Amino acid sequence: MPDFEILMPAPMMPMISEQLSARARLHKLWEADDKVAEMARLAPRIKALAVGGGHQPIDAGFLAQFPTLEIVASFGVGYDHVDVNAARQRGVIVTHTPNVLNEEVADTALGLLLATVRQLPQADRFLRSGAWPKGNFPLTATLRGRSLGIVGLGRIGKAIATRAEAFGLSVSYHGRNVQKDVPYSYYPTLLGLAKACDILLVITPGGAGTQQMINAQVLEALGPTGIFINVARGSVVDEPALIAALQKGTILSAGLDVFAHEPNVPQALIDMPHVVLLPHVGSATHHTRDAMAQLVIDNLLAWQKGQPPLTPVPETPFPLL
Ligand code: NAP
Ligand code: 8YV
């Protein structure tokens, strides 16, 4: 135990700190008065990093500070904040928290979709403002007869598709590959999917491969009755192009759980009454965040015992080739 030293650069859920402190030597960097000096003191001995989902990039320069690093356990399924190729080159395994959040994020996506189409937050604000006695809330768009195009039919995308089918939506999808054993139509191009559907929902990873893939041309293809839902990452969207499309009526509305520069959200979006904005809460329930936290812990404790990591990312499989 004493020689398995874990560094946690920034606070994570208390259950992670508690369980790791009980089984290994956990260093909470943010508690040090002089973080630079503390980092210099600890870095040569650190074998593991426990990191949160996204605000501090775990890039090549950061990783290079740890000559004895073996594993990075990241909280969240998306790991676009970790340079996994740099980790791989250093022989470092990166783990993430897939599957335990699929159903939760899919629930949130459907909630956001319904809230956006039926303007449920706006109706709530209308009632609270005392406007109801003066007249009814205006009629809204509908889910009836609509088709849903999912960009990224992976673990979460499939859970979203199952729910959407139960709502009577016809589902199609785009990704780089055809998915096996799904009944949904495949579109080899994003533009083709955007033209064919009237609700476009993105649930891909962030990072270089998907950077600003939702651009002005895609929004134009979605069209004036189109609704755009983003539960993936803010980086997949050209945010100024989205704002312009919403302002000009190029698309009808948007429901967004993620933004390009979280937690900062463009004032132009906040000022638009017809869009629905959530503060990145896709997986944010006690149940699911506990399951994600436990997977971070279990990955680190398995590694400490000399066992394979439970959920390495595909770029750093165990054993590393
Ligand atoms: P997953 O199983 O790996 O699915 C990702 C899907 O995206 C795959 O179907 C993949 O298909 C597709 N994809 C990847 N790169 C693409 C590209 N360049 N163009 C088109 N499609 C692409 O991942 P998951 O577990 O479902 O999670 C997906 C993402 O959701 C996470 O990485 C994260 O960014 C986001 N997320 C957000 C929240 C939230 O709170 N809002 C919560 C959890 C996850 P192909 O390989 O065939 O292209
Ligand atoms: C988390 C997420 O909120 O898992 C992901 O990829 O986006 C969310 O579940 C995030 O990682 C925590 O910061």
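**Exercise 1. Find which backbone and side-chain atoms make polar contacts with ligand 2.**

Step 1. Start at G78: one of its polar backbone atoms is 2.8 Å from an oxygen atom of ligand 2. A polar contact here is a pair of N or O atoms within 3.5 Å.

Step 2. Go to V77, where a backbone N or O atom lies 2.8 Å from an oxygen atom of the ligand.

Step 3. Turn to H280, which places a polar side-chain atom 2.8 Å from an oxygen atom of ligand 2.

Step 4. Add the cover: ligand 2 taken alone exposes 330 Å², and the protein buries 85% of that (Shrake-Rupley method, 1.4 Å probe).

The model is predicted: local features need pLDDT of at least 70, side-chain atom pairs count only at pLDDT 80 or more, and totals for chains, interfaces and linings use all residues. Residues are numbered from 1 along each chain as its sequence is written, chains are lettered from A and ligands numbered from 1 in the order in which they are written, and side-chain values use heavy atoms, without hydrogens and water.

**Exercise 2. Locate the largest nonpolar core relative to the domains.**

Step 1. Among the 52 residues of this core, I6, I16, L20, I150, I160 and L300 touch the most other members. Such a core joins buried Ala, Val, Leu, Ile, Met, Phe, Trp, Tyr and Cys residues through side-chain atoms within 4.5 Å; buried means under 20% relative accessible area (1.4 Å probe, protein chains only).

Step 2. Helix α5 (residues 102–117) supplies the largest share, eight residues. Helices are DSSP runs (H or I, at least four residues), numbered from the N terminus.

Step 3. The core lies between domain 1 (5–100 + 287–304) and domain 2 (102–277), because both give residues to it. The domain bounds come from an automatic or database domain assignment.

Key. Buried < 20%, exposed > 50% of the residue type's maximum accessible area, 1.4 Å probe, protein only. Helix = DSSP H or I, 4+ residues; strand = E, 2+ residues; numbered from the N terminus. Polar contact = N/O pair within 3.5 Å; in protein donor to acceptor, adjacent residues only side chain to side chain.
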